[in-house]
Amino acid sequence: ITNSIWVSTDHDEIEKVAKQFGAQVHRRSPEVSQDSSTSLEAITEFLNHHHEVDIVGNIQATSPCLHPSDLIKVADLIQKEGFDSVFSVVRRHQFRWSEVKKGENKMTEPQNLNPAKRYRRQDWPGELYENGSFYFAKRHLIEKGYLQGGKMAYYEMRAEHSVDIDIDIDWPIAEQRVLSFGYFGKEPLKEVKLLVCSIDGCLTNGRVYVTEDHKEMVSYDYRDIAGIDLLKKRGIQVRLISDRDCSKTLSAMQLGFVAEVNVTNKLQVLKDWQEDMGLSWKEVAYLGNEESDVECLKQAGMSGVPADACAAAQKAAGYICKSRGGCGAVREFAEHIFLLLEKVNSARKQ
């Protein structure tokens, strides 16, 4: 059996990222790249170009908490136990009632409960709902226009792994779920030990005010300083870096952090700090906002940018803050780091 991982896309940047992570790319045609196009149409087109494929596992990008162990078990259901299609479900404990449309003269009715004898959650097994995380099917089914059919089986996912990003407000929930329950590879997670923060545009809003006597003035948000203090209390060192010589300004701010200014090669400084502290890259976090930060963002184990960072920095970062530079972005990124620390501590307890 030949196994392969493909990304179906019509987007150059997505193709580039997919190849960086070792996936093969199928260039999707304009006909199946419309807003109204379905996954089944894209899969059918893929199969028309790949006659060697007998089984397709359609993994949804909007379900980021999938684990390899689940997918291996699902593949076994088809390859070893003879099922034609397998799809993911999650168990929910929700009471359903019939809908009463506006203007209808009738009462709602219970659908899956007796109101006189309501179950307690712990006494009710609940119901299985399709959650859209993945659909596995044999080729002959897909060629008939089905992703589910024949000898079918469901695979029940753990509730904490069942994440579906459907609308904007699902994003923050998904981010916390990924950090708490997501798959981070076989290598053990590492605690962040060092945060390096670009000064202009991250700690400050990037604006420099010049007085008549040629003195510089900048402002920073106290929330960011409070966030840094919280990091320090957790044993995380914070260091600052800047392209320009802002040593006098830093001295006036009296922050007391190790800082390197007038830097022409930020990545080299970051490597020097990492080696001096004896850290792996997974123990280093970096917050930047300009093109000069891009290589550092790519190298650090955890990377972030403020909401108003340049496009190149945003593409290189793992996390884009909702806050702008100098307006709480450092505090927000600190809280993002705390979520990872919770994940590390949880893994250790297990």
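The exercises below, each with a worked solution, concern a predicted model.

**Exercise 1. The largest nonpolar core**

Task: State how many residues the largest nonpolar core has, which of them have the most contacts inside it, and which elements each supply at least two residues.

Solution:
- Step 1. The core has 31 residues.
- Step 2. Most contacts inside this core belong to Leu195, Leu203, Leu231, Phe333 and Ile337.
- Step 3. At least two core residues come from each of β7 (194-198), α6 (199-203), α7 (222-233), β10 (237-241), β12 (284-287) and α12 (329-349).
- Step 4. Helix α12 gives the largest share, ten residues.
- Step 5. Another core, of 21 residues, lies apart from this one, and Tyr286, Cys296, Ala300 and Ala316 are among its members.
- Step 6. Take Leu195 as an example: beyond four places in sequence, its contacts include Leu231, Val238, Ala285, Phe333 and Ile337.
- Background: nonpolar side chains in soluble globular proteins tend to be buried together.

**Exercise 2. The six-stranded sheet**

Task: Give the strand order of the open sheet of six strands, and say which strands stand at its edges.

Solution:
- Step 1. The order is β11-β10-β7-β12-β13-β14, and the pairing is parallel.
- Step 2. β11 (258-260) and β14 (319-320) each have a single partner strand, so each has one side without a neighbour in the sheet. These two are the edge strands.
- Step 3. Inside the sheet, β7 and β12 run parallel and are joined by four bridges.
- Step 4. Within that pairing, Leu194 has Val284 in β12 as its bridge partner.

**Exercise 3. The two sides of helix α9**

Task: Decide which residues of helix α9 (residues 266-276) are buried, and where they lie around the axis.

Solution:
- Step 1. The buried residues are Lys266, Leu267, Val269, Leu270, Trp273 and Gln274.
- Step 2. Their arc around the axis is only 160°, so they lie on the same side of α9.
- Step 3. The geometry of a helix bears on this: an α-helix has 3.6 residues a turn, so residues three or four places apart point the same way.
- Step 4. The buried residues of α9 pack against β7, β10, β11, β12 and α10 (294-299).
- Step 5. Glu275 and Asp276 are exposed, on the face of α9 turned away from its buried side.

**Exercise 4. Aromatic pairs**

Task: Classify the Trp6 and Phe46 pair and the Phe134 and Tyr155 pair by ring geometry.

Solution:
- Step 1. The structure holds six aromatic pairs.
- Step 2. For Trp6 and Phe46, the ring centres are 5.4 Å apart and the planes are at 65°. Planes over 60 degrees apart count as edge-to-face, so this pair is edge-to-face.
- Step 3. Trp6 belongs to strand β1 and Phe46 to helix α2 (residues 39-49), 40 residues apart.
- Step 4. Trp6 is partly exposed at 27% relative accessible area, whereas Phe46, at 11%, is buried.
- Step 5. For Phe134 and Tyr155, the distance is 6.2 Å centre to centre and the angle between the planes is 50°, which makes the pair tilted.
- Step 6. Phe134 lies in strand β5 (residues 127-138) and Tyr155 in strand β6 (residues 152-157), so the pair ties together parts 21 residues apart in sequence.
- Step 7. Both rings belong to buried residues: Phe134 has a relative accessible area of 0%, and Tyr155 one of 14%.

**Exercise 5. Strand β6 and the loop before it**

Task: Sort the side chains of β6 by face, then decide whether Gly150 is buried or exposed.

Solution:
- Step 1. Ala153, Tyr155 and Met157 point to one face of β6 and are buried. Met152, Tyr154 and Glu156 point to the other face and are not buried.
- Step 2. Strand β4 (residues 85-92) runs parallel to β6, with six bridges between them. Here Val90 stands opposite Met157.
- Step 3. Gly150 is in the loop between α4 (139-143) and β6. Its relative accessibility is 58%, so Gly150 counts as exposed.
- Step 4. Gly150 contacts Asp84 and Leu141, leaving aside neighbours within four places in sequence.
- Step 5. Gly150 and Ser85 are 65 residues apart along the chain, yet 6.9 Å separates their C-alpha atoms.
- Step 6. The charged end of Lys151 sits over the ring of Phe83, at 4.7 Å from its centre.

Conventions
Residues are numbered from 1 along each chain as its sequence is written. This is a predicted model: local features need pLDDT of at least 70, side-chain atom pairs count only at pLDDT 80 or more; totals for chains, interfaces and linings use all residues. Side-chain values use heavy atoms; hydrogens and water are left out. A nonpolar core is a set of buried Ala, Val, Leu, Ile, Met, Phe, Trp, Tyr and Cys residues joined through side-chain atoms within 4.5 Å. Buried means under 20% relative accessible area, exposed over 50%, partly exposed in between (1.4 Å probe, protein chains only). Contact means heavy atoms within 4.5 Å. Rings of Phe, Tyr and Trp (its six-membered ring) pair if their centres lie within 6.5 Å; planes under 30 degrees apart count as stacked, over 60 as edge-to-face and the rest as tilted. A charge sits over a ring if NZ of Lys or CZ of Arg is within 6 Å of the ring centre and within 35 degrees of the ring normal. Two strands pair if DSSP finds at least two bridges between them. The arc is that of the directions from the helix axis to the C-beta atoms.
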